[in-house]
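Work through these exercises with the sequence and the model side by side. Try each task before reading its solution.

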Amino acid sequence: MKVTAHNNDQQGNMDIDHMSYRHDIDLPNRLIITTWSGRASDDDFIQALTSYQQEIKGHRDYQLFNELLDFRHITKLNLSTRGIIELGRIAQRTDQPAVQTKLAIVISSTVAFGLAQMYITYRNLVPNSNKKLNAFKRYNDAFEWLTAATTPDQ
């Protein structure tokens, strides 16, 4: 398992007042797990997603991996509709036309779950989007959905 950690705090301290995220690569399950914590805004997510695509998702070995976004440790979300739409556009850039991968979003709060559903809706409207998305309130449900053998109705 390869791990990459990022933090917006210049001194590297995990501080709930700043957004931080950690990427874990689960090779046997062909899965990229990103765990987020602290406060997060449109700009934080856009910067993190752009970096993620360049460093990890754009890497040839991981392009066909499914993804799990764990937002259970986010302390505050400051997202706008415009930011969510932009995130969908940026995310679509690494979609592979011939292969559909899956992305699960794990959210614990009702408000954040609604924002995740909004992101999924906008993400599915982006032209050439080829990723199956789902939001979950339980981590185990998301993990099972991502690692289950794919059948035509999944």
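The exercises below go from the whole chain to single residues, and the model they use is a predicted one.

**Exercise 1. The overall layout**

How many helices and strands does the protein have, and in which order do the elements run?

Solution.
- Count the elements: there are 4 helices and 6 strands.
- Read them from the N terminus: β-β-β-α-β-α-β-α-β-α.
- Turn to burial. Of the 154 residues, 44% are buried.
- Look at contacts between residues at least 6 apart in sequence: 68% of them join residues at least 24 apart.
- Finish with the surface. The accessible area is about 8600 Å², and carbon and sulfur atoms hold 48% of it.

**Exercise 2. Helix α3**

Check the length of helix α3 against its expected span, then find where its buried residues lie.

Solution.
- Start with the length. Helix α3 covers residues 110-125, which is 16 residues.
- At 1.5 Å a residue the span should be 22 Å, and the end C-alpha atoms are 23 Å apart, so the two agree.
- List the buried residues of α3: A112, F113, A116, Y119, I120 and R123.
- Look down the axis. These buried residues fall within an arc of 110°, so they line one face of α3.
- Recall the helix repeat. An α-helix has 3.6 residues a turn, so residues three or four places apart point the same way.
- Check the other side of α3: T110, V111 and L125 are exposed there.
- Name the partners. The buried residues of α3 pack against β4, α2, β5 and β6.

**Exercise 3. Helix α2**

Repeat the length check for α2, and state which helices its buried residues pack against.

Solution.
- The 12 residues of α2 should span 16 Å at 1.5 Å a residue; the end C-alpha atoms are 17 Å apart, which agrees.
- The buried residues of α2 are G83, I84, L87, G88, I90, A91 and Q92.
- These buried residues pack against α1 and α3.

**Exercise 4. The nonpolar cores**

Which residues touch the most other members of the largest nonpolar core?

Solution.
- The largest nonpolar core has 30 residues. I32, W36, F71, I105, I107 and Y119 touch the most other members.
- Trace the elements. Those giving two or more residues to this core are β2, β3, α1, β4, α2, β5, α3 and β6.
- A second, separate core has 9 residues, including L31, A104, V106 and F136.
- Put this in context. In soluble globular proteins, nonpolar side chains tend to be buried together.
- Zoom in on I105. Beyond its neighbours within four places in sequence, I105 contacts L69, F71, A116, Y119, I120, N134, A135 and F136.

**Exercise 5. N66 and R30**

Is N66 buried or exposed, and what does its side chain reach?

Solution.
- Place N66: it lies in strand β4, residues 66-78.
- Apply the cut-off. Buried means under 20% relative accessible area. N66 has 15%, so N66 counts as buried.
- Follow the side chain of N66. It reaches the backbone oxygen of L146 at 3.2 Å.
- List its contacts, leaving out residues up to four places away in sequence: N66 touches R30, L31, I32, T101, K102 and L146.
- Move to R30, in the loop between β2 and β3. R30 is partly exposed, at 42% relative accessibility.
- Check the backbone of R30. Its phi is near 50°, a positive value in a residue other than glycine.

**Exercise 6. Three loop residues**

Where do T94, H59 and N128 lie?

Solution.
- T94 lies in the loop between α2 and β5. At 14% relative accessible area, T94 is buried.
- T94 touches Q53 and K57, not counting residues up to four places away in sequence. A polar contact of 3.4 Å joins the side chains of T94 and Q53.
- H59 is in the loop between α1 and β4. H59 is partly exposed, with a relative accessible area of 34%.
- Link the two. H59 and T94 are 35 residues apart along the chain, and their C-alpha atoms are separated by 10.0 Å.
- N128 lies in the loop between α3 and β6. N128 is exposed, with a relative accessible area of 68%.
- The phi of N128 is near 65°, a positive value in a residue other than glycine.

Key:
Residues are numbered from 1 along each chain as its sequence is written. This is a predicted model: local features need pLDDT of at least 70, side-chain atom pairs count only at pLDDT 80 or more; totals for chains, interfaces and linings use all residues. Side-chain values use heavy atoms; hydrogens and water are left out. Buried means under 20% relative accessible area, exposed over 50%, partly exposed in between (1.4 Å probe, protein chains only). Contact means heavy atoms within 4.5 Å. Accessible areas come from the Shrake-Rupley method with a 1.4 Å probe; for residues, only the protein chains shown count as cover. A polar contact is a pair of N or O atoms within 3.5 Å; within protein, one must be able to donate a hydrogen and the other to accept it, and residues adjacent in sequence count only if both atoms are side-chain atoms. The expected span of a helix is 1.5 Å times one less than its number of residues. The arc is that of the directions from the helix axis to the C-beta atoms. A nonpolar core is a set of buried Ala, Val, Leu, Ile, Met, Phe, Trp, Tyr and Cys residues joined through side-chain atoms within 4.5 Å.
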